[in-house]
Amino acid sequence: MLYAQFTGRCADRPIVDRNGKDRNLQFDVIVIGAGAAGLMCAATAGQRGRKVLLLDHAAKLAEKIRISGGGRCNFTNLYAKFDCYLSDNPHFCRSALAQYTPQDFIAMVERHGIAYHEKKLGQLFCDDGSERIIAMLDEECRQAGVERRMETTISQVARVESGYALQTSMGELRAESLVVATGGLSIPQIGATPFGYQLAEQFGLPLTPLTPALVPLTFHVEDADTFSPLAGVSLDVEARAGKGKFRENVLFTHKGVSGPAILQISSYWQPGMELTLNLLPDADAEAWLEERAGSEQLISNALGEFHWPKRFAEAWLDREGFNKRLKDLGLKQRKQLAESLHRWRVKPNGTQGYKKAEVTLGGVSTKALSSKTMMAADVPGLFFIGEVVDVTGWLGGYNFQWAWSSGYVAGMNC
Ligand code: FDA
């Protein structure tokens with residue numbers, strides 16, 4: 001006799017009948033991936049009266065939500081709009097973001113009595129833990145009658161007359177619509193897999209190149225040797241790479257650089273590119289040096305005015321060849337130092353990879369999807385949502401907003 005093994009709160013009805021005879025169970029919608037986008041989609045479809053099954057191979061629900069925002073989940077950004085996202089088609093996300101806005105998600109958070117605050121730059125965090133957001137989405141699914149199965153492996157997906165047939169560790173399951181919400185490749189240790197990308201390829205959908213993003217950058221050995229003793233030092237900078245420009249903090253690490261400015265810029269950085277940091281973003285370094293020309297003061301001490309830790313100032317000036325007194329600089333050197341202070345160029349040799357990345361840049365090409373429904377244009381009933389799609393947000397709640405918006409849109413159309 002075969003009984004469904006249910007885990008989690010919202011799966012309270014058996015999927016397989018008690019005789020174990022009817023293993024080809026038919027749903028209206030199967031959502032693969034019980035993360036941010038999958039939960040939102042399942043709840044939305046269930047609320048429309050669709051018979052929904054939410055599947056995940058992991059034992060725990062929505063682990064990425066749990067670990068997000070330092071455990072407090074930066075669940076949206078008040079200023080989320082299309083130009084805060086990277087994609088081959090930057091306009092693709094417009095429709096979903098308009099159909100389900102940050103205000104819509106905030107209304108749900110408030111309906112569930114979850115306290116939150118704005119940390120900075122429109123970033124909204126839970127006052128308590130991220131579990132509140134998971135419990136909220138779980139409750140929305142429960143109220144919508146969504147069935148959920150964790151620890152379920154999917155070995156095969158095929159198109160059949162009635163929609164899709166899935167071979168799983170709990171037998172064959174069928175649905176009219178199939179929604180793929182399996183996320184990206186970051187943090188494989190908590191369940192990330194390339195499943196969504198492989199499924200897209202199986203159905204002939206193109207992918208854009210995949211790379212780790214919102215990720216610390218690493219330095220070549222010489223730079224790493226210079227700066228690793230400064231691990232922990234943080235400075236307010238303006239970071240630039242490619243078309244990206246962010247004013248935030250940089251954090252020196254044992255391997256290179258991290259901190260919000262670097263995580264943001266990493267999405268624009270490509271191997272071989274230089275990273276340019278304006279180390280005095282609010283000052284006019286040339287005028288500042290001019291005013292102090294002839295001073296006996298060490299430049300490393302003078303930079304303390306900008307809250308530079310002395311050990312950082314000394315190491316950086318050493319590397320640039322300016323660890324001297326102000327009076328030792330001629331006009332040409334003052335100009336050179338000012339240039340270095342405003343446009344310090346360093347060439348990272350890579351990133352810390354998917355183990356440390358918050359997201360995957362690239363994914364299922366938006367060319368193959370409808371921006372209004374998230375359905376594959378040439379494969380009726382097949383939807384892709386969330387991070388598996390080639391839409392990647394900035395740091396600061398944008399990626400969850402994309403998960404909610406794309407999940408909602410698919411949920412309304414699947
Ligand atoms: P998500 O990864 O949430 O869910 C995918 C689900 O699919 C998982 O449950 C997984 O187990 C399941 N799955 C994968 N392969 C499968 C398979 N083969 N079979 C069945 N199931 C499978 N964003 C933000 O906006 N604010 C923030 O504060 C943070 N903080 C943050 C911190 C850290 C450390 C990370 C790594 C990431 C963030 N993010 C973030 C990014 C955010 O977590 C991410 O963009 C969303 O979770 C993406 O939602 P998805 O639902 O697309 O994937």
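The following dialogue discusses two sheet regions and a pocket in a predicted model.

Colleague: In which order do the strands of the open sheet lie?

Modeller: The order of an open sheet is read from one edge to the other. Here 7 strands follow the order β17-β16-β13-β14-β15-β12-β18, with antiparallel pairing.

Colleague: Why is one side of β17 and of β18 left without a neighbour in the sheet?

Modeller: Both β17 (344-346) and β18 (348-351) stand at the edges and have a single partner strand each, so one side of each lacks a neighbour in the sheet. On average, neighbouring strands of this sheet are turned by 40° against each other, direction ignored. Helix α11 (residues 310-320) packs on the sheet and touches β13 (234-241), β14 (244-252) and β17; the direction of α11 makes about 75° with that of β17.

Colleague: Is strand β10 mostly covered or exposed?

Modeller: Burial is judged residue by residue, with under 20% relative accessible area as the cut-off. In β10 (residues 171-180), 8 of the 10 residues are buried, and the strand is mostly covered.

Colleague: Which strands pair with β10, and in what sense?

Modeller: Strand β1 (residues 25-32) runs parallel to β10 and is joined to it by 7 bridges, with L25 opposite L173. Strand β9 (residues 163-168) pairs with β10 in the antiparallel sense over 5 bridges, and the two form a hairpin with 2 residues between them. Strand β20 (residues 382-384) pairs with β10 in the parallel sense over 3 bridges; there V179 stands opposite F383.

Colleague: Which residues lie nearest the centre of the second largest pocket?

Modeller: They are L86, S267, Y268, Q270 and L361, from a lining of 20 residues. By class, this lining has 8 nonpolar, 9 polar and 3 charged residues, and the pocket holds about 580 Å³ of space.

How values were computed:
Residues are numbered from 1 along each chain as its sequence is written. This is a predicted model: local features need pLDDT of at least 70, side-chain atom pairs count only at pLDDT 80 or more; totals for chains, interfaces and linings use all residues. Side-chain values use heavy atoms; hydrogens and water are left out. Two strands pair if DSSP finds at least two bridges between them. Helices (H or I, at least four residues) and strands (E, at least two) are DSSP runs, numbered from the N terminus. Axes are lines fitted to C-alpha atoms, for helices over the stretch in contact, and angles run from 0 to 180 degrees between N-to-C directions. Contact means heavy atoms within 4.5 Å. On a 1 Å grid over the protein atoms alone, a cavity is a set of points where a 1.4 Å probe fits but cannot get out, and a pocket is an open set with protein on both sides within 12 Å along at least five of seven lines; lining residues have an atom within 4 Å of a point. Grid points are joined across faces, edges and corners, and a volume is the space filled by probe spheres set on the points. Ala, Val, Leu, Ile, Met, Phe, Trp, Tyr, Cys and Pro count as nonpolar, Asp, Glu, Lys and Arg as charged, and the others, Gly among them, as polar. Buried means under 20% relative accessible area, exposed over 50%, partly exposed in between (1.4 Å probe, protein chains only).
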